[in-house]
Amino acid sequence: MAKKPLRIGLIGYGFMGRAHSNAYAKVGHFFDSEHECVLQAVCARDEAKVKDFAARWGYQSIETDWRQLVARPDIDLIDIAVPNNLHAEIALAAAKAGKMILCEKPLAMNPLEAEKMVEAIEAANVPNMVWYNYRRCPAVTLAKQLIDEGRLGRIFHYRAKFLQDWTINPELPQGGAGLWRLDAAAAGSGVTGDLLAHCIDTALWLNGPIHSVTAMTETFIKERKHNASGKVEKVGIDDACAFLARFDNGSLATFESTRYARGHKALYTFEINGENASISWDLHDLHRLQYFDHRDQGLVRGWRNIHVSDGDQPYLKNWWVPGLQIGYEHSFVHQVADFLKGLDTGTPARPNFRDGLATDYVVDAVLNSARSSQWVDVKHA
Ligand SMILES: NC(=O)c1ccc[n+]([C@@H]2O[C@H](COP(=O)([O-])OP(=O)(O)OC[C@H]3O[C@@H](n4cnc5c(N)ncnc54)[C@H](O)[C@@H]3O)[C@@H](O)[C@H]2O)c1
């Protein structure tokens, strides 16, 4: 049977533009769907570079203005892979044009923008998703399965951190290509919206809604040259953030993130402690899940180091043979596979825009708490 084409218009060809393009290219080789991804057009401002990108990745056409892309009738889905300050404007226009939308995280710069995006996408009633890809690392999906099966029992503790070390040099400028994350006007916030947003999304998925938070943030380097103005300007982002949280289910949590942890590149870890069992995961070793079950016979009780590569485990029957691992890029392939399955079955994949808003509410409460030094209740989406 001929497959239904899903004509993709990608905006942005940076880190995520490549990760998404790779996923669209691979998904049909490994996962069945009635739909087929068609790389219809890619858009970015530099014509020569966007042409090169299109040629390398197999996009059939290019645009240099995202508005032209959104207006094209031969595009079914807009993929937003540009800095955070552009997400809302593009998503509102794409929803108005009736396009499906896959949007990078964090959904928006602040909850006000995110609420407008949710309103627009729900009014347009088009399929939508936010690229919180870590949900789809098989070991993380397996953690979700174990929790949903009730193996952990009542959950007492959730502990997450995301550590990097790439902004320690005070000579590093802010703003522009590759460095927009250091510019509050483009990023919205620092590690809270960039890195902790991932930890928060996973936590909400695994452990349910967060009730309240208390936080501290720090900006270690207060001024940096701005690439746009050429002048030394105040740094508006948080370089580091730590917060405590209470979940609705009564469990307590700690979250920490920084770009000043020398030696750590992308150390995203979480650990969950329940009355019967504990789970822990580490992005640097992403195909493994650590699992301790107190109900095991005492003689052999201990932490199991599960090499998540067996066909019984999430997503893996679609890949190689047991024992052979997959990696980072596959989380994006899985996200596209689930999105397509959602189109096939009519049960949309998540996280959708409303889930993205839930994470933005937590980010906002964390930043408010850091400013006020008070506990802040989290709005639920
Ligand atoms: N899911 C994840 O794990 C993950 C990882 C990295 C980044 N992100 C998110 O993805 C988004 C992009 O991040 P990145 O790391 O790919 O950034 P990047 O700097 O590598 O790429 C950004 C791209 O946006 C393009 N761009 C900027 N302004 C534009 C405009 N006006 N019109 C068209 N194109 C424009 C740039 O040319 C570039 O191609 C951000 O929202 C970021 O938070 C998510």
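**Ligand shell, sheets and a buried helix**

Helix α1 (residues 15–30) is the top contributor to the shell around the ligand, putting in three residues. Helices here are DSSP runs of H or I with at least four residues, strands are E runs of at least two, and both are numbered from the N terminus. The model is a predicted one: local features need pLDDT of at least 70 and side-chain atom pairs count only at pLDDT 80 or more, while totals for chains, interfaces and linings use all residues. Residue numbers start from 1 along each chain as its sequence is written.

The shell has 23 residues, of which Gly12, Gly14, Phe15, Met16 and Glu104 come nearest to the ligand; a residue is near a molecule or strand if its C-beta atom, placed from the backbone, lies within 6 Å of it. By character, the shell splits into 13 nonpolar, six polar and four charged residues. The nonpolar class is Ala, Val, Leu, Ile, Met, Phe, Trp, Tyr, Cys and Pro, the charged class is Asp, Glu, Lys and Arg, and the others, Gly among them, are polar. As for where the ligand sits, domain 1 (4–133) and domain 2 (137–377) both give residues to its shell, so it lies between them. Those bounds come from an automatic or database domain assignment.

Six strands make up an open, parallel sheet, ordered β3-β2-β1-β4-β5-β6. Its edge strands, β3 (62–63) and β6 (128–130), each pair on one side only; pairing requires at least two DSSP bridges between two strands. Within this sheet, β1 (residues 4–11) and β2 (residues 35–43) run parallel and share eight bridges, with Ile8 opposite Leu39 in β2.

Strand β14 (residues 277–282) has antiparallel partners. Five bridges tie it to β13 (residues 267–274), a hairpin of two residues links β13 to β14, and Thr269 faces Asp282 across the pair. With β15 (residues 288–293), β14 pairs antiparallel over four bridges; here the hairpin has five residues between the strands, and Ile279 stands opposite Tyr291. The side chains of β14 alternate: Ala277, Ile279 and Trp281 point to one face and are buried, whereas Ser278, Ser280 and Asp282 point to the other and are not. Buried means 20 or more other C-beta atoms within 10 Å of a residue's own, exposed means 12 or fewer, and partly exposed is in between, with C-beta atoms placed from the backbone.

Finally, helix α10 (residues 353–372) has 16 of its 20 residues buried, so it is largely enclosed by the rest of the structure. From first C-alpha to last, α10 reaches 28 Å, close to the 28 Å expected at 1.5 Å a residue, the expectation being 1.5 Å times one less than the number of residues. Ser373, just after α10, takes a positive phi of about 55°.
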